[in-house]
Amino acid sequence: MQARDIAVQVPTVTLGDSIAHAIQVMALGRLPGLIVVDEEQRPRVVLPGTQVLKLAVPAAYHEDQALSRAVDEAHADVFWQEISGDMRVGDCLGTHTARPVSVKPSATLLEIATLMARHRSPLVAVVDEAGLLAGAVILDRLLSALALTRPDD
């Protein structure tokens, strides 16, 4: 089985999209992360869901864990909605230069699993010969494919 066999179409975000929009895309798509693409639909960065969440948490809370315990429950439940509408995905990534976690459509399940494990990423972009996004392999699809694949007896 190859990446093209288990890849699915997923919604993406751009560097210019707001952080709030990125969170909504991930939540509504029930995605384990996001693929950030450029204007030509080339993957720039693959963000695991935990990294998307990190973008939403104000820096002060990252620096001082005690600060997050001081916020009452009502405000703690809606902290992400207070993100400035001016904050964009690109602003939070800064000069992030890591290559996107991607494979060709012909990649094997082992190649995909190795890449996901190495990068701790629950999704991998599948790119065509031109480097354009053709789909994504999501962890649950990979695990299902692995569970259903049995060696020839």
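## Two sheets, strand by strand

In this predicted model, three strands, written here in the order β1-β2-β3, make up an open sheet with mixed pairing.

**Exercise 1.** Work out which strands stand at the edges of the β1-β2-β3 sheet, and what that leaves them without.

*Solution.* Start with the order: β1-β2-β3. Next, look at the ends: β1 (13–14) and β3 (43–48) each have a single partner strand, so one side of each lacks a neighbour in the sheet. Now check how β1 is joined to β2 (residues 33–37): there are 2 bridges, and the two strands run parallel. For a residue to look at, take T14, which stands opposite V37 in β2.

**Exercise 2.** Find which strands helices α2 and α3 lie across, and at what angles they run.

*Solution.* Take α2 (residues 19–28) to begin with: this helix lies across β1 and β2, at about 125 degrees to β2. Then move to α3 (residues 49–56), which lies across β2 and β3 and runs at about 90 degrees to β3.

**Exercise 3.** Describe the β4-β5-β6 sheet and the helix that packs on it.

*Solution.* Again we have an open sheet of 3 strands with mixed pairing, ordered β4-β5-β6. Its edge strands are β4 (102–103) and β6 (133–138), each pairing on one side only. Step over to β5 (residues 123–127): 5 bridges join this strand to β6, and the two run antiparallel. Here V124 sits opposite V137 in β6. Finally, add helix α8 (residues 109–119), which packs on the sheet and touches β4, β5 and β6. The direction of α8 makes about 130 degrees with that of β5.

Note on methods: Residues are numbered from 1 along each chain as its sequence is written. This is a predicted model: local features need pLDDT of at least 70, side-chain atom pairs count only at pLDDT 80 or more; totals for chains, interfaces and linings use all residues. Side-chain values use heavy atoms; hydrogens and water are left out. Two strands pair if DSSP finds at least two bridges between them. Helices (H or I, at least four residues) and strands (E, at least two) are DSSP runs, numbered from the N terminus. Contact means heavy atoms within 4.5 Å. Axes are lines fitted to C-alpha atoms, for helices over the stretch in contact, and angles run from 0 to 180 degrees between N-to-C directions.
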